[in-house]
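Hi there,

Here is the structure I promised to pass on. Have a look at it first, and then read my notes below.

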Amino acid sequence: MSEASQKTGAFFGRRKGKKLRAGQDDLIQNLLPAIRVVPGSVPSGQFPNAGARETWLEIGFGGGEHLAHQARSHRDINFIGCEPFVNGMAKLLAAIDHEKLDNIRVWDDDVTKLLPTLPEASFDRVYILYPDPWPKRRQRKRRLVSDEMLTTLARVMKPGAELRFASDIDDYIGWVLARVLRSPHFRWTAERADDWRRPYEGWPGTRYEAKAVREGRVPSYLTFVRT
């Protein structure tokens with residue numbers, strides 16, 4: 001049975017945590033609809049700077065630390081961030097509002113509902129950083145990275161575009177490598193151990209990563225190229 005036929009449920013867990021503060025709720029009610037990605041539209045056309053140098057996608061941005069850092073560091077690049085967890089979305093919206101980061105658009109639902117609607121070759125880079133590992137054997141079919149997802153991503157990525165995947169779970173790292181290495185669409189770029197042991201250039205770190213390191217888990221940083 002293929003991974004595609006096994007898929008059940010979402011790739012994420014709960015949608016909402018603790019109650020939002022009044023200011024956060026206001027951002028969810030007002031800012032979120034204004035910058036939500038329109039399915040079926042060309043991504044670059046949804047930004048004030050439609051002529052940006054590149055468009056990058058981050059799937060599952062958590063609290064948005066990495067996405068906000070990239071957006072403020074690369075104002076000539078447009079970003080789409082996908083995160084169904086309401087509290088994480090609220091944190092990113094606060095940064096967008098405070099810093100006037102007009103080069104970010106967001107999607108607050110399952111990314112598999114968005115990707116099939118987008119044109120081919122929409123993205124120059126895709127990030128999947130510390131996704132839920134779904135560690136129990138019966139849960140693994142819910143892991144985001146699968147043969148089917150790699151085919152979906154390949155369609156919306158430009159030739160030569162990078163797919164960056166980071167995790168502190170060895171089993172998930174092996175899972176991803178096995179699927180990428182048998183994919184006709186991607187090539188692993190690593191030539192030496194430091195290529196996956198060292199964080200990406202300009203890496204700001206995340207709170208989840210810091211917690212993982214404190215607890216003795218070693219992150220890996222994989223880079224794949226769309227062939």
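What follows is a short tour of the sheet and of one residue in it.

Please keep in mind that this is a predicted model, where local features need pLDDT of at least 70, side-chain atom pairs count only at pLDDT 80 or more, and totals for chains, interfaces and linings use all residues. Residues are numbered from 1 along each chain as its sequence is written, and side-chain values use heavy atoms, with hydrogens and water left out.

Let's start with the sheet. Seven strands (DSSP E runs of at least two residues, numbered from the N terminus) form an open sheet in the order S3-S2-S1-S4-S5-S7-S6, with mixed pairing. Strands S3 (104-107) and S6 (186-188) are at the edges with a single partner strand each, so one side of each has no neighbour in the sheet. From one strand to the next, the twist averages 20°.

Strands count as paired if DSSP finds at least two bridges between them; S1 (residues 54-59) and S2 (residues 77-82) have six, in the parallel sense. Glu54 sits opposite Ile77 in S2.

Now to Arg125, which belongs to strand S4 (residues 123-129). Its relative accessibility is 17%, so Arg125 counts as buried (under 20% relative accessible area, with a 1.4 Å probe and protein chains only). Leaving aside residues up to four places away in sequence, Arg125 touches Thr55, Trp56, Leu57, Ala161, Glu162 and Arg164, where contact means heavy atoms within 4.5 Å.

Enjoy exploring!

How values were computed. Helix = DSSP H or I, 4+ residues; strand = E, 2+ residues; numbered from the N terminus. Buried < 20%, exposed > 50% of the residue type's maximum accessible area, 1.4 Å probe, protein only. Axes fitted to C-alpha atoms, helices over the stretch in contact; angles between N-to-C directions.
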